[in-house]
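Hi,

Here's the structure I promised to pass on to you. Have a look at it first, then read my notes below.

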Amino acid sequence: SSFAMSSTGSCLVVGGASNNAVMTIKDRSSTVSGTLETGEIHFGKPTTKKNLHKLSISYVGGSSQNMSVYIACDGGSYGSSVLTLDSANRANAEVNLASNSDYKGKKSFKIKISGTTATAFELLDVSITYRDTGDYS
């Protein structure tokens, strides 16, 4: 990982102007393009199929922010954006996926948030509502 927490609780990021640069998230002075991607999420049961019902994201936005949220299933590629995190100052974005067959009967999911972040951007919470079908086939 290129992230670490300092003893003061600041998030340190490696990279930037040079490969050896280290900066804190709060050092940003303008909007930047960024991507946050999770690993495979299987909810502790990698062999059972699950249905993804809802994705909720709480965040703090700001001027000129436009980030898209994507989901990949079972190690596959990302599809179309399912949600947008816009310039709202503080928001809870949510998408209901229960009726979307693309997210039914899958063993794992990956989430990617990508786009232009505001200087004040904070990701507060990501919540996933799912149902384990118990099916191992």
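Before anything else, a bit of vocabulary: two residues are in contact when they have heavy atoms within 4.5 Å of each other. Of the contacts in this chain between residues at least 6 apart in sequence, 75% join residues at least 24 apart. Keep in mind that this is a predicted model.

Now the overall layout. The chain has 10 strands and zero helices. Of its 137 residues, 28% are buried. The chain exposes about 7,900 Å², with 47% of that supplied by carbon and sulfur atoms.

What's inside? The largest nonpolar core has 20 residues, and Leu55, Val69, Ile71, Val82 and Leu85 are the ones with the most contacts inside it. At least two residues of this core come from each of β5, β6, β7, β8 and β9. Take Ile71: leaving aside its neighbours within four places in sequence, its contacts include Leu52, Leu55, Val82 and Phe109.

β8 is a nice one to click through. Its side chains alternate: Ala91, Ala93 and Val95 are buried and point to one face, whereas Asn92, Glu94 and Asn96 point to the other and are not buried. β8 runs antiparallel to β5, and six bridges join the two. In one of the pairings, Lys54 has Asn96 in β8 as its bridge partner.

Last stop, the surface. Leu36, Leu123 and Val126 make up a nonpolar patch there, with about 210 Å² of accessible area together. Leu36 sits in strand β4. Why does Leu36 count as partly exposed? Because its relative accessibility is 41%, and partly exposed covers the range between 20% and 50%.

Cheers

How values were computed
Residues numbered from 1 in each chain as written. Predicted model: local features only at pLDDT ≥ 70, side-chain atom pairs only at ≥ 80, totals over all residues. Heavy atoms only, no water. Core = buried A, V, L, I, M, F, W, Y, C linked by side-chain atoms within 4.5 Å. Buried < 20%, exposed > 50% of the residue type's maximum accessible area, 1.4 Å probe, protein only. Helix = DSSP H or I, 4+ residues; strand = E, 2+ residues; numbered from the N terminus. Pairing = 2+ DSSP bridges. Patch = residues over 30% accessible without salt bridge, like charges linked within 9 Å, V, L, I, M, F, W, Y side chains within 5 Å. Areas by Shrake-Rupley, 256 points an atom, 1.4 Å probe, with all protein chains shown as cover. Salt bridge = Lys/Arg side-chain N within 4 Å of Asp/Glu carboxyl O.
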